[in-house]
Amino acid sequence: MGLTRRDFLQSAGAALGALALPSLSSPQGAGSRPLAGTGICTTLPPRAAGAAQFELVAGVCSQRIRPAGPETEIWGYNGSVPGPVLRFRQGDTLDIHVRNALPQVTTVHWHGLRVPNAMDGVPHVTQHPIPLGGTFDYRYRVEDSGTYWYHPHQSSFEQVPRGLYGMLVVEEQKPLPVDREVLWVLSDYKLGDDNRQVEDFGRILDFGTEGRHGNVVTLNGEAAGPHRVLAIRPNERVRLRLLNAASARAFLVEFAGHAPWIVTHDGQAVPPHPVPDGRLLLGAGQRTDIVLDGTRSAGEFAVLDHRRGGTQLARIAYAGKAVRSKALGRPAPVALNRHTEVNLDRATDHYLVFEGGVKGAPAIGKVDGKALKVEEIMERHGLAWTMNYTAQHEHAMMHEPLFRMRRGEHVTVKMINNTDFEHPMHLHGHFFRVLALNDVPTRHREWRDTVMLDPRGSCDIALVAENPGEWMFHCHILDHAAGGMMGTLVVEG
Ligand SMILES: [Cu+2]
């Protein structure tokens with residue numbers, strides 16, 4: 001097309017500036033609630049969200065990630081990472097005009113929401129990718145309350161870690177009473193000493209191991225660390241919506257000196273209960289809402305991530321007068337979304353076996369119908385994993401679905417992880433009950449859309465196939481998804 005990359009970035013940047021401004025300065029911006037600690041995000045007004053179309057521009061821009069040194073060129077929605085918080089009330093109509101100002105084709109997927117199949121944002125499966133300079137309108141009724149997020153499903157192993165993600169919040173019809181809501185988007189960036197992104201996307205070494213990890217953990221788009229402060233007043237009640245938007249990294253979060261209550265996983269209510277062992281696991285793509293009460297009177301307390309040697313994400317700092325004389329007790333449950341209970345007696349049982357990975361046990365898998373050793377699959381096809389003994393390129397149009405289900409069919413899936421790596425498995429268009437992890441029944445049989453599978457572990461899930469269409473079922477370590485861990489499930493009817 002005769003444009004150099006530099007020309008493109010300049011024009012894309014110019015377009016972004018022009019296009020992003022109207023939403024930033026929108027008269028409907030009153031009532032917007034920026035992400036705590038950034039102040040750079042636009043948000044949809046809570047009530048008017050269903051009324052007007054909102055423009056979301058995926059483009060190239062720059063942002064301060066590390067506190068010192070130059071800004072980093074990122075890809076973001078409406079000029080920032082994370083993108084604007086899209087906030088709706090349950091039952092609203094989402095109406096979003098996406099404009100692609102990236103140097104690549106793209107799509108937007110609405111992670112977790114039960115959308116009509118054509119709105120799911122999966123290239124070559126539910127829509128054509130949005131071309132350079134092109135647009136696509138996403139419009140559907142938001143049926144489920146909870147904490148969700150949006151990101152591209154096109155080359156997600158590159159587009160997501162470059163910065164294309166944002167939180168999507170759907171308020172319950174009767175929201176949980178709290179003093180304040182705080183949103184935390186956790187992720188990471190891989191930056192050089194010059195603060196530029198290291199552009200080593202798509203390496204087979206990352207595909208076949210634990211995925212590409214950044215070296216700078218981020219909270220709401222800026223470097224996490226003890227300098228990031230969550231100010232709280234004594235006896236204040238905060239609802240903290242947590243999202244792990246990293247492309248590979250998992251977090252194990254501890255709120256030192258505090259005992260928060262888990263109220264939802266992946267937007268779906270669970271009976272309020274303390275974080276088991278005080279450490280909250282957030283696999284890539286997962287969300288958990290906690291209720292954090294300011295049960296101390298003063299002082300500072302670390303928010304820690306215990307994975308990969310441990311880092312401090314932020315600190316809780318007490319300031320101000322007590323909100324009330326005494327801390328509140330166990331919170332009321334959040335209203336549960338509509339879920340059809342699974343009848344296990346009449347369910348069809350399926351198995352899903354994962355194999356492969358670098359240094360994995362010797363395994364055979366099929367690619368395009370041909371049986372090969374996993375090492376050969378890596379060398380010849382750039383794929384590293386098999387699902388039910390098949391390795392597939394993501395979004396391949398000749399996909400043979402993993403499972404076909406009738407609409408209304410009750411099903412269970414036992415996932416067996418014969419690999420040395422963990423896998424956060426995500427199903428589109430449905431929620432499933434997590435019945436057991438490693439053959440141990442779960443306490444709350446929670447509804448989720450993404451469940452973490454331990455290395456060499458197993459997981460039993462159950463669902464009713466209610467949403468017709470072809471739905472992705474894939475690992476949310478995006479390098480694994482690109483490396484063969486992406487299949488589909490077809491709901492007929
Ligand atoms: Cu995986």
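Visitor: What share of the contacts in the protein with a separation of 6 or more comes from residues 24 or more positions apart?

Guide: Welcome! Such residues account for 76% of those contacts. Please keep in mind that this is a predicted model.

Visitor: What is the make-up of the protein in helices and strands?

Guide: There are five helices and 34 strands. Of the 493 residues, 49% count as buried.

Visitor: What makes valine 122 count as buried?

Guide: A residue needs 20 or more other C-beta atoms within 10 Å of its own to be buried. Valine 122 has 24 within that distance, so it is buried.

Visitor: Where does valine 122 lie?

Guide: You will find valine 122 in the loop between strand E5 (109–111) and strand E6 (135–141). Its C-alpha atom is separated by 5.6 Å from that of histidine 153, and the two residues are 31 apart along the chain.

Visitor: Let us turn to the sheet. Which strands form the open sheet, and in what order?

Guide: Five strands form it, in the order E25-E34-E33-E27-E31, with mixed pairing.

Visitor: Why are E25 and E31 said to stand at the edges?

Guide: Strand E25 (403–406) and strand E31 (450–453) each have a single partner strand, so each has one side without a neighbour in the sheet. From one strand to the next, the twist averages 20°.

Visitor: How do you know that E27 and E31 pair?

Guide: At least two bridges between two strands are needed for pairing. Strand E27 (residues 423–427) and E31 have four bridges, so they pair, and they do so in the antiparallel sense. For one of the residue partnerships, look at histidine 423, whose bridge partner in E31 is leucine 453.

Visitor: What makes E27 and E33 a pair as well?

Guide: Three bridges join them, and the cut-off is at least two, so E27 and E33 also count as paired. These strands run antiparallel. Methionine 425 has cysteine 475 as its bridge partner in E33.

Visitor: How many bridges link E33 and E34, and in which sense do they pair?

Guide: E33 and strand E34 (residues 486–492) have six bridges in the antiparallel sense. Set against the cut-off of at least two, that count makes them a pair. Here phenylalanine 473 has glycine 487 as its bridge partner in E34.

Visitor: Why is strand E33 described as largely enclosed by the rest of the structure?

Guide: Strand E33 (residues 469–475) has seven residues and six of them are buried, so the description follows from that count.

Conventions
Residues numbered from 1 in each chain as written. Predicted model: local features only at pLDDT ≥ 70, side-chain atom pairs only at ≥ 80, totals over all residues. Axes fitted to C-alpha atoms, helices over the stretch in contact; angles between N-to-C directions. Buried ≥ 20, exposed ≤ 12 C-beta atoms within 10 Å, placed from the backbone. Contact = placed C-beta atoms within 7 Å.
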